[in-house]
Amino acid sequence: MVNIKRGRIPKLVMTTFCMAAFATIIYVANASDPTPLQDFCVGVNNPNSAVVVNGRLCKNPNEVTVNDFLYKRFNVPGDTNNAQGANATLVDITQFSGVNTQGVAMARVDFAPYGLNTPHMHPRGSEIFAVVEGTMYAGFVTSNYKLYDTILKKGDVIVFPQGLIHFQLNLGKTDALAYASFGSQNPGRVNVADSVFATTPRILDDVLTKGFQVDETVIEQLRSQFSAENISINTGRSILKLLSQT
């Protein structure tokens with residue numbers, strides 16, 4: 001048994017506490033894009049550039065102008081004439097080179113009446129979502145399947161943690177609009193339904209029928225809603241064929 005003198009903390013306990021605190025600091029520090037080592041790195045597609053930061057070539061600083069840090073098409077509404085009745089226009093590193101190394105991105109989300117921003121997640125960034133016009137039902141699901149949902153009105157803001165499935169549904173008979181910001185220059189987006197029913201190549205029927213406890217007819221019906229591939233075409237993929245390739 002360790003003999004603890006009154007008024008004194010054992011060195012082992014203090015060391016353990018410091019190590020735990022240090023580990024927590026490291027975890028928090030790595031929860032977003034890497035910290036830039038320079039003022040900026042405007043992305044450029046010139047292969048002759050010698051500097052690469054966060055996977056992007058950097059424009060020569062002497063050639064950078066204020067226009068490299070401006071994006072002027074954010075006022076253009078997205079096309080909501082689709083099955084979901086919503087359109088998320090993401091302004092990230094692929095659209096706006098000025099955000100390279102800055103760890104930020106934005107999105108404009110337009111909703112038709114009763115439009116849905118389908119359940120999805122951003123694997124590389126957390127999101128803060130602000131309602132500009134309209135009333136919405138929104139929520140996210142944690143890793144232990146707990147749903148946090150609420151009604152959002154104009155001026156309300158909600159945070160969607162990194163990597164968690166979330167959604168927004170316009171509850172009104174008129175168009176709605178929201179702006180979203182991300183803690184990553186390239187947050188990515190994975191739609192839940194598409195990640196299961198619209199993959200290339202297809203996930204084997206054996207997996208989906210067992211995973212969802214339905215027959216192949218239901219799986220084909222679901223695929224037809226999310227995949228442009230002709231579902232009547234037999235891709236020739238099977239467990240036996242995959243095993244033969246190993």
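**A walk through the salt bridges and beyond**

Let's begin with a pair of charged side chains: Asp68 and Lys59 meet in a salt bridge, with N and O 3.1 Å apart. Keep in mind as you look that this is a predicted model. The two partners fall into separate classes of accessibility. Asp68 has a relative accessibility of 16%, and because buried means under 20%, Asp68 counts as buried. Lys59, with a relative accessible area of 23%, is partly exposed.

How many salt bridges does the structure hold? There are 6, and two others deserve a visit. One of them joins Asp110 to Arg108, where the closest N and O atoms are 2.9 Å apart. Are these two residues buried or exposed? Asp110 is buried, with a relative accessible area of 7%, and Arg108 counts as buried at 8% relative accessibility.

The other takes us to helix H4, which spans residues 216–226. Here Arg223 pairs with Glu220 in a salt bridge, and their closest N and O atoms lie 3.0 Å apart. Because the two residues are 3 places apart in helix H4, about one helical turn separates them. Both Arg223 and Glu220 are buried. This pair also belongs to a wider arrangement: a network of salt bridges links Arg202, Asp205, Glu220 and Arg223. Asp205 sits in helix H3, which covers residues 205–212.

Between those two helices runs a loop, and Val214 lies in it. Is Val214 buried, exposed or partly exposed? Val214 counts as partly exposed, because its relative accessibility is 28%, and that class lies between the 20% and 50% limits. Setting aside neighbours within four places in sequence, Val214 is in contact with Thr209 and Ile219. Those partners come from either side of the loop, since Thr209 falls within helix H3 and Ile219 within helix H4.

Now for a stop that comes with a database annotation. Which residues does UniProt list under "binding site"? The record, an unreviewed entry, names Asn117, His122 and Glu127. From this set, Asn117 is part of the lining of the largest pocket. To find Asn117 in the model, look in strand S6, residues 116–121. Asn117 has a relative accessible area of 6%, so this residue is buried. If residues up to four places away in sequence are not counted, Asn117 touches Ala86, Val109, Phe111, Phe167, Gln168 and Arg189.

For a view of the surface, turn to Ile128, Val157 and Val159. Together these residues make a nonpolar surface patch of about 240 Å². Val157 has its place in strand S10, which covers residues 157–160, and Val159 falls within that strand too.

Finally, step back to take in the whole protein. Its secondary structure comes to 5 helices and 13 strands. Of the 246 residues in the protein, 30% are buried; Asn117, Asp68 and Asp110 are among them. Among contacts with a separation of 6 or more, 67% are between residues 24 or more positions apart. As for the outside, the accessible surface comes to about 16000 Å², and carbon and sulfur atoms account for 58% of that area.

Terms used. Residues numbered from 1 in each chain as written. Predicted model: local features only at pLDDT ≥ 70, side-chain atom pairs only at ≥ 80, totals over all residues. Heavy atoms only, no water. Helix = DSSP H or I, 4+ residues; strand = E, 2+ residues; numbered from the N terminus. Buried < 20%, exposed > 50% of the residue type's maximum accessible area, 1.4 Å probe, protein only. Contact = heavy atoms within 4.5 Å. Patch = residues over 30% accessible without salt bridge, like charges linked within 9 Å, V, L, I, M, F, W, Y side chains within 5 Å. Areas by Shrake-Rupley, 256 points an atom, 1.4 Å probe, with all protein chains shown as cover. Salt bridge = Lys/Arg side-chain N within 4 Å of Asp/Glu carboxyl O. UniProt positions renumbered as here; feature names shortened; annotations may be inferred. 1 Å grid on protein atoms, 1.4 Å probe; cavity = no way out; pocket = protein on both sides within 12 Å on 5 of 7 lines; lining within 4 Å.
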